[in-house]
Amino acid sequence: WSYDKRKGISRMTSPTKPRGRPSVPEEEVKKQIIGSAMALLFDKGYDATTIEAVASHAGVAKKTVYRFAKNREELLGLSVRNWTDNYAPLLQSDPKDKNDVLPALRKLLAAICGQALSVTAVKMFRLLNTEFPGKDDLLKKYNENGIARGQQLLTEWIIRQQKQGWLPMLPADTCAKVILAMCVAEPLRQAAIGLTHPVEKADIEAHLDSCMPFILLIFRQGDE
């Protein structure tokens with residue numbers, strides 16, 4: 001409302017419209033930037049995936065990209081870390097009892113496979129098996145944010161179940177590496193060289209059907 005002094009009356013005024021573009025949630029901006037970084041990396045190559053190019057592709061200012069990463073290597077590392085971020089919360093939760101351990105592990109592995117065997121992950125693995133300037137830097141970020149982080153998260157989960165007495169006291173880090181090698185590394189290699197296609201959800205379930213009996217054997221051996 002506004003008051004007209006000359007006429008001595010109050011009038012209803014229209015609400016002031018906000019200026020500029022509507023704000024976009026931070027996670028949406030991050031997702032958009034990561035998607036652009038991956039698209040440029042696979043379509044144009046490592047050299048072309050600059051902060052400026054990513055900003056232009058994502059339709060944001062360079063300073064917006066710099067909010068998430070200080071350089072190209074860090075940005076691409078963030079892109080890989082996003083895969084493990086998508087399943088990390090599941091690895092922070094624990095089963096309710098011993099009988100739920102293996103079903104819970106299978107659920108975790110399905111989530112991991114869903115990220116690690118995706119089309120984007122296969123393209124990244126394929127790229128890292130070629131030679132290009134900056135490969136060593138990208139490989140380091142890929143290992144830190146993908147392979148090593150995934151192994152660490154699963155190792156910590158196994159240790160927590162061992163402390164409950166629900167899994168045998170085998171070396172947890174070795175168990176994690178063996179399980180991920182079987183469930184992720186081999187199908188990823190086959191997809192990357194073209195022997196198979198990136199897996200769909202139904203394929204993941206069938207793949208885990210074949211893996212779980214061997215995982216069960218690993219833990220049963222530890223009980224003997």
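Q: A salt bridge is a side-chain nitrogen of Lys or Arg within 4 Å of a carboxyl oxygen of Asp or Glu. How many salt bridges does the count come to by this rule?

A: Happy to start there. The general idea is that side chains of opposite charge can pair when their charged atoms come close. Here the count comes to eight salt bridges. Do keep in mind that this is a predicted model, in which local features need pLDDT of at least 70 and side-chain atom pairs count only at pLDDT 80 or more, while totals for chains, interfaces and linings use all residues. Residues are numbered from 1 along each chain as its sequence is written, and side-chain values use heavy atoms, with hydrogens and water left out.

Q: Before we look at pairs, which secondary structure elements does the protein chain have?

A: Helices (DSSP runs of H or I, at least four residues) and strands (E, at least two) are numbered from the N terminus. In this protein chain they come to nine helices and two strands. Reading from the N terminus, the order is β-β-α-α-α-α-α-α-α-α-α.

Q: Which residue forms a salt bridge with Glu186?

A: That is Arg189, with 2.8 Å from N to O. The two residues lie three apart in helix H8 (residues 172-192), so about one helical turn separates them. For the surroundings, use relative accessible area: buried is under 20%, exposed is over 50%, and partly exposed is in between (1.4 Å probe, protein chains only). Arg189 is partly exposed at 35%, and Glu186 is also partly exposed, at 31%. Elsewhere, Arg106, Glu205 and Asp209 are joined into one network by salt bridges that share partners.

Q: Where in the chain do Asp85 and Arg149 lie?

A: Their closest N and O atoms are 2.6 Å apart, forming a salt bridge. This pair links distant parts of the chain, since Asp85 belongs to helix H4 (residues 72-91) and Arg149 to helix H7 (residues 135-163), 64 residues apart. Accessibility sets the two partners apart: Asp85 is partly exposed at 27%, whereas Arg149 is buried at 16%.

Q: And how far apart are the closest N and O atoms of Arg72 and Glu73?

A: In that salt bridge they are 3.7 Å apart. Arg72 has 21% relative accessibility, which means that the residue counts as partly exposed.

Q: Let us turn inward. Which residues touch the most other members of the largest nonpolar core?

A: In soluble globular proteins, nonpolar side chains tend to be buried together. A nonpolar core is a set of buried Ala, Val, Leu, Ile, Met, Phe, Trp, Tyr and Cys residues joined through side-chain atoms within 4.5 Å. The largest one here has 62 residues, and Leu109 and Trp157 touch the most other members. Helix H1 (26-44), helix H2 (51-58), H4, helix H5 (101-116), helix H6 (119-127), H7, H8 and helix H9 (201-223) each give two or more residues to this core. Across the protein chain, 38% of the 224 residues count as buried.

Q: Which residues does Leu109 touch?

A: A contact means heavy atoms within 4.5 Å. Leaving out residues up to four places away in sequence, Leu109 touches Ile179, Leu180, Cys183, Leu208, Met212 and Ile215.

Q: What percentage of contacts between residues at least 6 apart in sequence join residues at least 24 apart?

A: In this protein chain, the figure is 69%. The pair of Asp85 in H4 and Arg149 in H7 makes a handy example of a link between distant parts of the chain.
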